[in-house]
Amino acid sequence: MSKSPAQDDKKKSGEGKILNVFSHGVLIIWAILVVMPLLWAVMTSFKTDDSILSTPWALPDKLHFENWSRAWSQAHMSEYFLNTIVVVGGSLIGTLLLGSMAAYVLARFDFPGNRFVYYLFIGGMSFPIILALVPLFFVMNNMGLLNTTHGLILVYIAYSLPFTVFFLTAFFRTLPGSVAEAAMIDGASHTRTFFQVMLPMAKPGLISVGIFNFLGQWNQYMLPTVLNSDPDHRVLSQGLVELANSQGYKGDWSGLFAGLVMAMLPVLAAYIVFQRQVVAGLTAGAVK
C-alpha cells in the first residue's frame, strides 16, 4: 500500500527536525571548544601566578590590571605591537593593491599567457614556505634587506599574493562587465575604470581576503624568526616567545597570558567588526 503525500511530508519533516537538532548540537559543541580556551586565557590574564597554578579554573579574586601594564612596559610588548602594526599594515596595503590589480587583469583581459600566469600564482599557494627559507635568507642578505622592516613587508606581500590573486580573480569574474564597458565608453581610462568603478564594487571581496591575510600575517612566526633577528624590529609572535624564554625560573605566567591576549585582541576585533562583510564577500565570490 503506497503512502499518501501527507505521510511523506510528515516523514520528511521529522527527518528535517532530527537533522536540524543534530547540526545545532554539533555547532554548539564546536562553539564551546573554540570559545572556552579564549575565555580562559582572558580570565587567566587577570589572575596572580599563585592562583593560576593553584586554582586554574576559578575566577580571579579581583582584576589584576598590573599584569597587562607589566607585559606592556617591562616585557616590551608595546614595541613589538607597534612593529607588528607597521609591518602588517604596510604588507596588507601592498598585498591588496598589487593582488587586486593582478587579479583584475587576469579576470578581465585575454592575452597570450593569461592562464599560464594565473596557474603560476596557483602554484605559489602549494609551495611550502619552509623550502624557500634558506635561499630567501641569502637573497635578502645580498639585497641588504635582512633585519629591516621594509624587507619583511616585501616578504609578507610575496607570501600573501598567490592566495589574494586566486581569490580576487574569481571575485572579479562575478562582477558585471557592462559597468566597466560603460565607463570606457564615457571616456574613462583603464586605470580610472579600475580604481573608481571596479575596485569599489569589489569591496566585499577585498575585505574578505584582507581579513584572511591579516590573520596570517599577524600570527606569522617562521618568516620573521629567520629574516628578522634584530631585537629592535621584532614582531608580536617573536615577542611572545621571547617573553616565555626570558622568564626562566621566575614563572611570570600572568604576564605571559596578558601578552597573549594582547596579541589576540586585534584579530578578534577585526572579525567582529567585519563579520558581515566577510560572509558577503565569500558568498558573492562563490555564485554568479
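User: In this predicted model, in which helix is Asn114 found, and why is the residue called buried?

Analyst: Asn114 is found in helix H5, which covers residues 114-126. Buried means under 20% relative accessible area, and Asn114 has 7%. Asn114 is therefore classed as buried. Leaving out residues up to four places away in sequence, Asn114 touches Val105, Leu106 and Phe109.

User: Where is His64 placed, and what makes it buried?

Analyst: His64 is in the loop between helix H2 (49-54) and H3. The relative accessible area of His64 is 7%, and the cut-off for buried is under 20%, so His64 meets the criterion.

User: Which residues touch His64, not counting residues up to four places away in sequence?

Analyst: They are Ser45, Phe46, Lys47 and Thr48. Phe46 is 18 residues from His64 along the chain, and the C-alpha atoms of the two are separated by 4.8 Å.

User: How do you know that Val155 is buried, and what is in contact with it?

Analyst: Val155, in helix H7, has a relative accessible area of 7%. Since buried requires under 20%, Val155 is counted as buried. Apart from neighbours within four places in sequence, its contacts are Leu136, Met140, Leu223 and Leu227. Leu227 lies 72 residues from Val155 along the chain, with 9.2 Å between their C-alpha atoms.

User: Why is Asn147 called partly exposed, and what is the sign of its phi?

Analyst: Partly exposed covers the range between under 20% (buried) and over 50% (exposed). Asn147 has a relative accessibility of 26%, so it counts as partly exposed. Its place is in the loop between helix H6 (133-142) and helix H7 (149-174). The phi of Asn147 is positive, at about 60 degrees, although Asn147 is not a glycine. Most residues other than glycine have a negative phi.

User: What makes the pair of Glu242 and Arg234 a salt bridge?

Analyst: The rule asks for a side-chain nitrogen of Lys or Arg within 4 Å of a carboxyl oxygen of Asp or Glu. In the pair of Glu242 and Arg234, the closest N and O atoms are 3.6 Å apart, so the rule is met. Side chains of opposite charge can pair when their charged atoms come close. The count by this rule comes to one salt bridge. Glu242 itself is partly exposed, because its relative accessibility is 31%.

User: Which residues touch the most other members of the largest nonpolar core, and which helix gives the most to this core?

Analyst: The largest nonpolar core has 26 residues, of which Trp68, Met77, Phe214, Trp218 and Leu236 touch the most other members. At least two residues each come from helix H3 (66-73), H4, helix H10 (203-218), helix H12 (236-246) and helix H13 (253-273). H13 gives the most, namely nine residues. A second core, separate from this one, has 17 residues, including Leu146, Leu152, Ile157 and Leu223.

User: What does Trp218 touch, not counting residues up to four places away in sequence?

Analyst: Trp218 touches Phe81, Thr84, Ile85, Val88, Leu236, Ala263, Pro266 and Val267.

User: Which residues form the nonpolar patch on the surface, and where does Ile28 lie?

Analyst: The patch is formed by Ile28, Ile29, Trp30, Ile32, Leu33, Val34, Val35, Met36 and Leu39, which together have about 910 Å² of accessible area. Membership requires over 30% relative accessible area. Ile28 lies in helix H1, residues 5-44.

User: How many helices and strands does the protein have, and how many of its 288 residues, in percent, count as buried?

Analyst: The secondary structure comes to 14 helices and zero strands. Of the 288 residues, 36% count as buried. The protein exposes about 17,100 Å², of which 70% is supplied by carbon and sulfur atoms. Among contacts between residues at least 6 apart in sequence, 74% join residues at least 24 apart.

User: Where is confidence lowest in the protein, and where is it highest?

Analyst: Confidence is lowest in helix H14 (residues 275-286), with a mean pLDDT of 62, and highest in helix H4 (residues 77-108), at 94. For the protein, the mean pLDDT is 85, and 88% of residues reach 70 or more. Where pLDDT is low, the predicted coordinates should not be read in detail.

Technical notes: Residues numbered from 1 in each chain as written. Predicted model: local features only at pLDDT ≥ 70, side-chain atom pairs only at ≥ 80, totals over all residues. Heavy atoms only, no water. Patch = residues over 30% accessible without salt bridge, like charges linked within 9 Å, V, L, I, M, F, W, Y side chains within 5 Å. Areas by Shrake-Rupley, 256 points an atom, 1.4 Å probe, with all protein chains shown as cover. Helix = DSSP H or I, 4+ residues; strand = E, 2+ residues; numbered from the N terminus. pLDDT = per-residue confidence, 0-100. Buried < 20%, exposed > 50% of the residue type's maximum accessible area, 1.4 Å probe, protein only. Core = buried A, V, L, I, M, F, W, Y, C linked by side-chain atoms within 4.5 Å. Contact = heavy atoms within 4.5 Å.
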